[in-house]
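Notebook open, structure loaded. I want to go through strands, a helix and the inner space, one entry at a time.

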Amino acid sequence: MKKSKCRQPLPKTLLNLLLLLCLLYGYSTSSLAAAADKEAEPIRVLLLYDSLALGTTKAGNVEALQQQLAAFGAEVTLLSVDGYSGGMLEPYSKVILVRNAADMELTNAAFVQDRGAYRGDYFHIGEELPARQQEALHIAIEQTPSEETMRLAIGPFSDEAVRVQNTPYIVMQMATGEPQAEAYGSFTPKQNDGANGNSPYAARNEHAAYVPYFQKGNLSELAMSYVLKDWLGLAEPGQTYLLFKEIYPFSDLTLLAGMADTLYDAGIPFAISVQPVFNNSDFPAMQRYLEALKYVQSRNGTVLVNAPVVASTIGQNDQTLKMKMTYFIDVLAAYGIAPLGMGAEMYWSYDKEYAVDGMGFFDSAVLLPNKKLMYRSQTNVSKPFASSLYSISPSFLAGFEHQGKAWEPLPMNTALTYDFAENEAQLSADLASITESWMTFADYKQQGHEVRTEAHVILSQGYGLTINGQAVALNDALRQVSSDYEYADKGTVSFTTLFNVQNKIFIVIIMVSLFIFGFLFMIGYRLYRRKYFK
């Protein structure tokens, strides 16, 4: 008989090696998971200001900065320097101070002390850059006269006529034995030839950044984004999207379909931000609205839900916003329309109720400039979004000189925003400016977006749209909706005959009364004549 061969035990070194590999695999898996969680967390920024500069040329620059930070995915805590308490800097690795009022001394001793000891990333905007950051950046600060015309240039943009008053500008100095700070663009006084070659718009190193001049509405608004992106440590390139807003159920839907056809034929992806409707979804007008939106979606268009109009007299106890938004999103989804984000004025993201009940369904948003602040539950901490677009108008870009025909994307994801045209002539002009430009627009659907209600999950993951896991069927055939619709229920008709008889009787009585009145009038007239002639 042959002896059976017994399985020999693995050598001890081999067992140790396998154990080590298992440990390494587990460690790498947990490390990757932790890195993914960390990457998903938004950057937290403390944004401080000494003044909002209302009534001056700098008014609105803090708001513009908030919008840009949102476009970079940051969670922003907004705070006045006067409202600062000791230790507030400590939780933040990134702090920005906007100095709009140079004539106002920083009297908050707690902030001045904490800033002096702060070792995180510090970004200073405006005058009175602290000496420590000035030395770290190896720059000198010069001051313009009371009135000066500056030339501002950055990237492909330039503006030859920026009017300033008593404004600082940077003069770079040679760094001995230390890395030179990175310079951005140029900000040069036209009358100061000596500084022409050495006056950048901004300077930044590993932990500090400085922008001496920032004003909403001119080229410095765009210039800020170049510096801000690098200071935040972001590397992903920005994209430009085309957006049309102010679209209502009573808009010219034929014009909307024609616009979609023109852009589709030109190969230009676009998005529309549509006004929600909170009831009467079975009315023909609403059905035609839904058909138009579905058609736009089939022509490579993306549907976003615009924030509803907020009344100034809205009650603080009105808790119906979440229910109404759920209703409209569900109506769209049930009709085969996949909304992928929300358009809203920026202050919505700083309101606890609006951010949760209105915007909580979406992980993507287009934050528009504020027109009128109508908070319900204001907070100083913003709601961050996985995808957020910075909205600019075509007229804003048209105010700057641009090098070359092709337009390169801005540092942040940007929505070039048009109001939907009210007539064919205006639409033709808008479409001509779009199709004839050399601007490349990205497809909003190619990015990842998620919208959730209790009844529907809407996803865009680059390869298509899905609603509750089912691919969205694109059908470009507009269904005709009949206008024959009873907008009110017919009442009961059991007394119709009686009412008809009563009407006829009343008519006869009125006619007889008129006849008798006429007869009596003639008799009276004759008697009066006889009396007069006698």
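**Entry: strand 16.** I looked up how covered strand 16 (residues 339-345) is, and six of its seven residues are buried. This is a predicted model, so I keep that in mind for every entry.

Next I checked the neighbours of strand 16. Strand 15 (residues 301-306) pairs with it in the parallel sense, over three bridges. One pair I noted down: Asn306 has Gly343 in strand 16 as its bridge partner. Strand 17 (residues 364-368) also runs parallel to strand 16, and four bridges join the two. There I picked out Met342, whose bridge partner in strand 17 is Ala365.

How does the chain cross from strand 16 to strand 17, and of which hand is the unit? I traced it through helix 9 (residues 352-358): strand 16, helix 9 and strand 17 make a β-α-β unit, and it is right-handed.

**Entry: strand 3.** I asked the burial question again here. Strand 3 (residues 94-99) is mostly covered, with six of its six residues buried. I then sorted the side chains by direction: Lys94, Ile96 and Val98 point one way, while Val95, Leu97 and Arg99 point the other way. Both sets are buried, and I note that Lys94 and Arg99 are among them.

Which strands pair with strand 3? Strand 1 (residues 44-49) does so in the parallel sense, over five bridges, and strand 4 (residues 121-126) runs parallel to strand 3 as well, joined by six bridges. For single pairs I wrote down Leu47 with Ile96 of strand 3, and Leu97 with His124 of strand 4.

I followed the chain onward from strand 3 through helix 3 (residues 109-117) to strand 4, and these three make a right-handed β-α-β unit.

**Entry: the sheet with strands 6 and 7.** I went looking for antiparallel pairing and found an open sheet of four strands, in the order 10-6-7-19. Strand 10 (186-189) and strand 19 (401-402) are at the edges; each has a single partner strand, so one side of each lacks a neighbour in the sheet. As a reminder to myself, strands in a sheet pair through backbone hydrogen bonds, in a parallel or antiparallel way.

In this sheet I counted bridges between strand 6 (residues 148-154) and strand 7 (residues 157-164): six, with the strands running antiparallel. Leu152 stands opposite Asp159 of strand 7.

**Entry: helix 7.** I checked the length of helix 7 (residues 284-298) first. At 1.5 Å a residue its 15 residues should span 21 Å, and the end C-alpha atoms are 21 Å apart, so the two agree.

Is helix 7 enclosed or open? Twelve of its 15 residues are buried, so the rest of the structure largely encloses it. The buried ones include Tyr289, Leu290, Leu293, Tyr295 and Val296, and also Gln287, Glu291 and Gln297.

**Entry: inner space.** How many cavities of 30 Å³ or more are there? I get one. The largest cavity holds about 90 Å³ of space.

I listed what lines the largest cavity: Phe157, Thr240, Ile392, Leu397, Trp407, Glu408, Pro409, Leu410, Thr414, Leu416 and Met439. By class, that lining has eight nonpolar residues, two polar and one charged. I also spotted Phe157 on that list, and strand 7 covers residues 157-164, so I cross-referenced this entry to the sheet above.

Notes: Residues are numbered from 1 along each chain as its sequence is written. This is a predicted model: local features need pLDDT of at least 70, side-chain atom pairs count only at pLDDT 80 or more; totals for chains, interfaces and linings use all residues. Side-chain values use heavy atoms; hydrogens and water are left out. Buried means under 20% relative accessible area, exposed over 50%, partly exposed in between (1.4 Å probe, protein chains only). Two strands pair if DSSP finds at least two bridges between them. A crossover is right-handed if, with the strands pointing away from the viewer, the path from the first strand over the helix to the second runs clockwise. On a 1 Å grid over the protein atoms alone, a cavity is a set of points where a 1.4 Å probe fits but cannot get out, and a pocket is an open set with protein on both sides within 12 Å along at least five of seven lines; lining residues have an atom within 4 Å of a point. Grid points are joined across faces, edges and corners, and a volume is the space filled by probe spheres set on the points. Ala, Val, Leu, Ile, Met, Phe, Trp, Tyr, Cys and Pro count as nonpolar, Asp, Glu, Lys and Arg as charged, and the others, Gly among them, as polar. The expected span of a helix is 1.5 Å times one less than its number of residues.
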